[in-house]
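Visitor: I would like to understand the reasoning behind the labels that are put on a structure. Could you take me through some of them?

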Amino acid sequence: MQHGSSTMMTAAAFVVVVAGMQAAVSLLVPFLLAAFIAIICLPPLYWLHARGMSSAMAVLLIALTLVLVGALIGIFVGASVADFSHNLPTYQARLQLQTDALLNWLTGMGLHLDSQLLRDNFSPAQAMGMAGKLLAGLGNMLANTFLIILTVIFLLLEASAMPHKWRVMGEHAPSGEHFRRFVASVNSYLAIKGWVSLATGVMVAIWLSVLGVDYPLLWGLIAFLFNFVPNIGSIIAAVPAVLLALIQVGPGTALFAGAGYLVVNIVMGNVIEPRYMGRGVGLSTLVVFLSLVFWGWILGPIGMLLSVPLTMIVKLALETGEETRWIAVLLGPDVVADEKREGTT
């Protein structure tokens, strides 16, 4: 009976926490972004410390680098976002005309389809609208850049002071093993995923530029960002660019654009990334997909981007307790299957 009450209390607490996160999403999202940017910046910070640079100077140098990167993104992408959003109604109208022409052609070929039913349940123009909302969300994220960078600065200053605080606490200091393991896991994942995503975005931008599709840098940035979204991120990133190629140039170019996305993501996702990632994520495939849905539901598009690192936090937290360690094992990959697979390679 006591075990059942404990389970009910845990479930109720989980519901309350989720509801609180949804209520505070406008504050939580910038803070989470800042926290993960700070984690990525920890190795450069420690490297600068090892070279004799003071904490203040090291944090200042990293902050200036972040500001420079943010400014470059704003300069090269901001104009494209504004221009695309301005032309979005025109693109939607053109796409709808092309869809109607296709339906008329199919009707002339003897294939009768209920055009109104198709419009009600599947409208390609809605995909362009989805792209507009996606870019609006990107613009909102860039609008919070100052708050994010300021939070990163304070987090890095606190990270610099933490080893000294632990030494002062002496034997009363809490164990930092789980925190160090978490930071190492997240850094490994984000470093490998970041380079793979960057290469994906660059190749997509170059390919679309060769095909003559408008805003190649913008689509390259979206391919870079959504490559962090497991399973479906690459598909989401490809849809608006392929539709724009269809509207702007024609079906042949759209086909080539889609083929380019397919080749790039097959090579990077199935050849390059597994070669370096291995079992570094430490989550099962089902958990990765469910975490994508769960964190996306709570935090929106940013939650989808951060779904894997956030789930890794939960898994590492569950590993610290004897009563919850079995849940962490369920969240993890099939270790035996992975060992057999490694033994055969």
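**Labels and their reasons**

Guide: Let us begin with one residue of this predicted model: leaving aside residues up to four places away in sequence, Thr253 touches Leu211, Val213 and Ala245. Thr253 is found in helix α10, which covers residues 251-277.

Visitor: Why is Thr253 called buried?

Guide: The relative accessible area of Thr253 is 14%, and buried means under 20%, so Thr253 falls on the buried side of that cut-off.

Visitor: What makes helix α8 largely enclosed by the rest of the structure?

Guide: Helix α8 spans residues 216-226, and 8 of its 11 residues are buried, which is why the helix is described as largely enclosed by the rest of the structure. The buried residues of α8 are Leu218, Trp219, Gly220, Leu221, Ile222, Ala223, Leu225 and Phe226. For the chain as a whole, buried residues make up 38% of the 345 residues.

Visitor: Why is the aromatic pair of Phe294 and Trp295 called edge-to-face?

Guide: The count of aromatic pairs comes to 2. In the pair of Phe294 and Trp295 the centres are 5.1 Å apart and the planes stand at 75°; pairing requires centres within 6.5 Å, and planes over 60 degrees apart count as edge-to-face, so both conditions are met.

Visitor: Why, then, is the pair of Phe294 and Trp297 called tilted?

Guide: The ring centres of Phe294 and Trp297 lie 6.4 Å apart, which is within the 6.5 Å limit, and their planes are at 55°, which is neither under 30 degrees nor over 60, so the pair is tilted. Both residues lie in helix α11 (residues 285-299), 3 residues apart, or about one turn of the helix. An α-helix has 3.6 residues a turn, so residues three or four places apart point the same way. Ring pairs link Phe294, Trp295 and Trp297 into a cluster.

Visitor: How do you know whether Phe294, Trp295 and Trp297 are buried, partly exposed or exposed?

Guide: Trp295 has a relative accessibility of 9%, under the 20% cut-off, and therefore counts as buried. Phe294, with a relative accessible area of 26%, lies between 20% and 50% and so is partly exposed. Trp297, at 55%, is over 50% and therefore counts as exposed.

Visitor: And how many helices and strands does the chain have?

Guide: The chain has 15 helices and 0 strands. Among its contacts between residues at least 6 apart in sequence, 74% join residues at least 24 apart.

Conventions
Residues are numbered from 1 along each chain as its sequence is written. This is a predicted model: local features need pLDDT of at least 70, side-chain atom pairs count only at pLDDT 80 or more; totals for chains, interfaces and linings use all residues. Side-chain values use heavy atoms; hydrogens and water are left out. Helices (H or I, at least four residues) and strands (E, at least two) are DSSP runs, numbered from the N terminus. Buried means under 20% relative accessible area, exposed over 50%, partly exposed in between (1.4 Å probe, protein chains only). Contact means heavy atoms within 4.5 Å. Rings of Phe, Tyr and Trp (its six-membered ring) pair if their centres lie within 6.5 Å; planes under 30 degrees apart count as stacked, over 60 as edge-to-face and the rest as tilted.
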